Amino acid sequence: MMRLWKVVVLLNVALALGIGLGYLRWAKEVRSLRDEVSRLRAETTRPDPQSWTVRGIVRSVIPKLGAIFLTHEAMAGLMDAMTMGFETEDPTLLDGLAPGDAVRFTVRRDGERLVVIAIEKLRAP
């Protein structure tokens with residue numbers, strides 16, 4: 001009779017241990033899924049990238065790198081007027097541009113970078 005009692009106790013301990021460990025694993029998975037859902041919600045509610053359209057003067061064009069150096073007007077809420085280099089979204093945007101050309105261009109914030117997404121040559125005054 002004593003053996004049956006030990007078997008019942010061991011089965012109950014094993015069952016309780018199995019349920020407890022299963023619950024802990026399930027809780028960890030639920031927490032992980034909640035974190036992932038929160039991260040995805042935060043990504044989808046991020047505002048669209050900002051963009052600015054300003055005028056400038058071409059200082060240098062480097063088609064192989066898809067880069068252009070411009071002296072530009074102030075970009076409201078971003079930076080003062082200055083001369084700086086920009087990457088282009090599409091290197092073909094640089095076709096037909098030369099140092100000294102007056103341009104109107106649009107830049108978009110792409111993470112930490114500013115990327116030229118449109119540029120047009122202006123007529124000489």
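At 1% relative accessibility, F105 counts as buried, where buried means under 20% relative accessible area, exposed over 50% and partly exposed in between (1.4 Å probe, protein chains only). The model examined here is predicted, so local features need pLDDT of at least 70 and side-chain atom pairs count only at pLDDT 80 or more, while totals for chains, interfaces and linings use all residues. Residues are numbered from 1 along each chain as its sequence is written, and side-chain values use heavy atoms, with hydrogens and water left out.

F105 has an aromatic partner, F86, and the two rings are tilted, at 5.6 Å centre to centre with 55 degrees between the planes. Rings of Phe, Tyr and Trp (its six-membered ring) pair if their centres lie within 6.5 Å; planes under 30 degrees apart count as stacked, over 60 as edge-to-face and the rest as tilted. F86 belongs to strand 3 and F105 to strand 4, so this pair ties together parts that are 19 residues apart in sequence. Helices (H or I, at least four residues) and strands (E, at least two) are DSSP runs, numbered from the N terminus. Like its partner, F86 is buried, with a relative accessible area of 2%.

By this rule there are two aromatic pairs. Y23 and W26 also form a tilted pair, with 5.7 Å centre to centre and 40 degrees between the planes. These two residues are three apart in helix 1 (residues 2-44), which means that about one helical turn separates them. Are Y23 and W26 buried or exposed? Both are exposed.

Back among the strands, F86 and F105 also appear in the largest nonpolar core, where they are listed with I68 and M75 as the residues with the most contacts inside it. This core has 17 residues; a nonpolar core is a set of buried Ala, Val, Leu, Ile, Met, Phe, Trp, Tyr and Cys residues joined through side-chain atoms within 4.5 Å. Two or more residues come from each of strand 1 (51-62), strand 2 (67-72), strand 4 (102-110) and strand 5 (113-121). Strand 1 gives the most, with four residues.

I68 is worth following further. Not counting residues up to four places away in sequence, I68 touches eleven listed partners' worth of company, including V58, M84, F86, T88, L94 and I119; contact means heavy atoms within 4.5 Å. T88, one of these partners, lies in strand 3 (residues 82-88) and counts as buried at 11% relative accessibility. Leaving aside neighbours within four places in sequence, T88 is in contact with G66, I68, L93, L94, V115 and V116.

Charged side chains add another set of links, with a count of eight salt bridges. A salt bridge is a side-chain nitrogen of Lys or Arg within 4 Å of a carboxyl oxygen of Asp or Glu. R113 meets E87 in one of them (2.7 Å, N to O), linking strand 5 with strand 3 across 26 residues. R113 also meets D110 (2.8 Å, N to O), and E87, D110 and R113 are linked in a network of salt bridges. R113 is partly exposed at 35% relative accessibility, E87 is partly exposed at 39% and D110 is partly exposed at 35%.

K121 and D101 form a further salt bridge (3.5 Å, N to O). K121 lies in strand 5 and D101 in the loop between strand 3 and strand 4, so this pair ties together parts that are 20 residues apart in sequence. K121 is partly exposed, at 45%, whereas D101 counts as buried, at 16%.
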